[in-house]
Amino acid sequence: MPKPRRTILFLKPPWLDEIAIGCGIGHWETLTVSLNHCASALSAIHLLKSRIIKSQQPMILLTGEKAFHSDINKLDNSVMAEVPAAMLLNAGHSRWQINHTAVRHLSSFYNNHRESTAARRRELFSSLEQDYYDFYTYVLDKFHLSIGDIDAIVPGNIDMPMLKRIADKLKFRGELFTEHISGYGHAYCSDILFNVSSLLERFDGKRILCVAMGMGITMSCILIEKNEINEVKHVNTTFGSE
């Protein structure tokens, strides 16, 4: 892992500087992580959670990096959303906390099997839905929960039919948050942060399971729970359109 370095901001205006100064933060370190595309945000939380919890220091997770850059965030030639999102972690008392994370990598999908025959590719990708379902059951078992304990599932904005089939197979009776798919499309690893920020505006449940699938194939998950005693630190989110 590369050594963290001081931040050099290219944002105009320097809004992150203003937020940091307002919160009494004189400087911070930055780490740029390229992980697994659409699952990168959740994978980053999984990767860094031990560090930020042990150090008791705040962390700002930024996603949608192209949308943050002043030279390219006005481009109109993308068929997918470019949603800049920020999640503030470990920065004080909060109503919500991230209690568990999980990551599973399916090495059989390496390089998308470009050299395989069409028949082999169809066979491989026909198993993906079962792999995705198995990941849900894996994380529920790891977190010592049943599907009935989950009040909402926040997925990445991809493959609506498969998401609904998996929810049906799990016998999930809570909310499957898909409100942004028709309006914004797929915003890469910003999907989860963007979706959670909207859900929390009117959510009255207790547990939110966030699951994303990125290239590789890598599946990443975090469990967000309401903090009834308001003592554990974690989650605020915000997002922008440019």
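This section describes a sheet, a helix that lies across it, and the salt bridges in a predicted model.

The sheet is open and comprises 5 strands in the order β5-β9-β8-β6-β7, with mixed pairing. Strands β5 (96-105) and β7 (175-176) occupy the edges; each has a single partner strand, so one side of each lacks a neighbour in the sheet. Strands β8 (residues 207-214) and β9 (residues 218-226) run antiparallel and are joined by 8 bridges. Within this pair, L209 of β8 is placed opposite L223 in β9. Helix α5 (residues 128-142) lies across β5, β6 (152-155), β8 and β9, and runs at about 135 degrees to β5.

The count of salt bridges is 4. One of them connects the side chains of E129 and R165, with an N to O distance of 2.6 Å. This pair links distant parts of the chain, since E129 belongs to helix α5 and R165 to helix α6 (residues 160-170), 36 residues apart. E129 is partly exposed at 26% relative accessibility, and R165 is likewise partly exposed, at 42%.

A salt bridge is also formed by E175 and R202, whose closest N and O atoms are 2.6 Å apart. E175 lies in strand β7 and R202 in the loop between α8 (190-199) and β8, so the pair ties together parts 27 residues apart in sequence. Relative accessibility is 24% for E175, which counts as partly exposed, and 41% for R202, also partly exposed. E175, E179 and R202 are linked in a network of salt bridges.

Between R207 and E225, the closest N and O atoms of the salt bridge are 2.5 Å apart. R207 lies in strand β8 and E225 in strand β9, so this pair ties together parts 18 residues apart in sequence. Both R207 and E225 are buried.

Notes
Residues numbered from 1 in each chain as written. Predicted model: local features only at pLDDT ≥ 70, side-chain atom pairs only at ≥ 80, totals over all residues. Heavy atoms only, no water. Pairing = 2+ DSSP bridges. Helix = DSSP H or I, 4+ residues; strand = E, 2+ residues; numbered from the N terminus. Contact = heavy atoms within 4.5 Å. Axes fitted to C-alpha atoms, helices over the stretch in contact; angles between N-to-C directions. Buried < 20%, exposed > 50% of the residue type's maximum accessible area, 1.4 Å probe, protein only.
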